[in-house]
Amino acid sequence: MLVEETHGEVVVLIPEGRLVMGGPAEEFEKRVQDLFGEGKRAVIADLHRVTQVDSTGIRGFVRGHTTAQKAGGRFALCEQQYSVQLVLEITRLNTLLEIHPSLQDAIESMPGKK
């Protein structure tokens, strides 16, 4: 399941469960790419409901980051559970991706916030 909220010009995606190969991770990645393709420039992934992530989910985060950079936009993660945080640390993606401790912090850091 993927919930979507809008805060001004900022789009917040809230995936739920496991962001793994076989559906949820691909759906998440496609929606992020579609948003930037539609001209959105600020996308946040609120990960508080994500319990597990595999390489397919990680690919969605990395593609969101690179697509945002190419589009002159921003892509950020926030509120990841410990299991997701650990994967990001092990892969050292926590040094590449924009990560915020809370959704509020992430929204306030974005252009077009409301």
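A cavity is a set of grid points where a 1.4 Å probe fits but cannot get out, and its lining residues are those that have an atom within 4 Å of a point. The legends below describe close-up views of a predicted model.

**View 1. The largest cavity and its lining.** Rolling a probe the size of a water molecule over the atoms shows where empty space is left. The structure holds one cavity of 30 Å³ or more, and the volume of the largest cavity is about 30 Å³. Its lining is made up of Met-1, Leu-2, Pro-15, Glu-16, Leu-19, Pro-24, Glu-27 and Phe-28. Sorted by type, six of these lining residues are nonpolar, none is polar and two are charged. Helix α1, which covers residues 24–37, gives the largest share of the lining, namely three residues.

**View 2. An aromatic pair between two helices.** One aromatic pair is found in the structure. The ring centres of Phe-28 and Phe-61 lie 5.8 Å apart and the ring planes meet at 85°, so the pair counts as edge-to-face, given that planes over 60 degrees apart fall into that class. Phe-28 belongs to helix α1 and Phe-61 to helix α2 (residues 55–71), so that the pair links distant parts of the chain, 33 residues apart. Are these two rings buried or exposed? Phe-28 has a relative accessible area of 1% and is therefore buried, and Phe-61, with a relative accessible area of 0%, is buried as well, since buried means under 20%.

**View 3. The five-stranded sheet.** Strands of a sheet pair through backbone hydrogen bonds, either parallel or antiparallel. Here an open sheet of five strands, with mixed pairing, follows the order β1-β2-β4-β6-β7. Strands β1 and β7 (98–100) stand at the edges and have a single partner strand each, which means that one side of each is left without a neighbour in the sheet. From one strand to the next, the twist averages 25°.

**View 4. Strand β2 and its two faces.** Strand β2 spans residues 10–15 and is mostly covered, with six of its six residues buried. The side chains of this strand can be followed in two groups: Val-10, Val-12 and Ile-14 point one way, Val-11, Leu-13 and Pro-15 point the other way, and all are buried.

**View 5. The partners of strand β2.** Strand β1 (residues 2–7) is joined to β2 by six bridges, and the two run antiparallel; within this pairing, Thr-6 of the one strand stands opposite Val-11 of β2. The two strands form a hairpin with two residues between them, and in the turn Gly-8 has a positive phi of about 65°. How many bridges join β2 to strand β4, and do they run parallel or antiparallel? Three bridges join β2 to β4 (residues 42–46), and these strands run parallel. In β4, Val-43 is the bridge partner of Val-11, while Ile-44 is the bridge partner of Val-12.

**View 6. Glu-89 in helix α3.** Glu-89 is found in helix α3, which covers residues 82–90. With a relative accessibility of 36%, Glu-89 counts as partly exposed, because this value lies between the cut-offs of 20% for buried and 50% for exposed. Glu-89 and Phe-28 are 61 residues apart along the chain, and 21 Å separates their C-alpha atoms.

Terms used. Residues numbered from 1 in each chain as written. Predicted model: local features only at pLDDT ≥ 70, side-chain atom pairs only at ≥ 80, totals over all residues. Heavy atoms only, no water. 1 Å grid on protein atoms, 1.4 Å probe; cavity = no way out; pocket = protein on both sides within 12 Å on 5 of 7 lines; lining within 4 Å. Points joined across faces, edges and corners; volume = space filled by probe spheres on them. Helix = DSSP H or I, 4+ residues; strand = E, 2+ residues; numbered from the N terminus. Nonpolar A, V, L, I, M, F, W, Y, C, P; charged D, E, K, R; others polar. Buried < 20%, exposed > 50% of the residue type's maximum accessible area, 1.4 Å probe, protein only. Pairing = 2+ DSSP bridges. Phe/Tyr/Trp six-rings, centres within 6.5 Å; stacked < 30°, edge-to-face > 60°. Axes fitted to C-alpha atoms, helices over the stretch in contact; angles between N-to-C directions.
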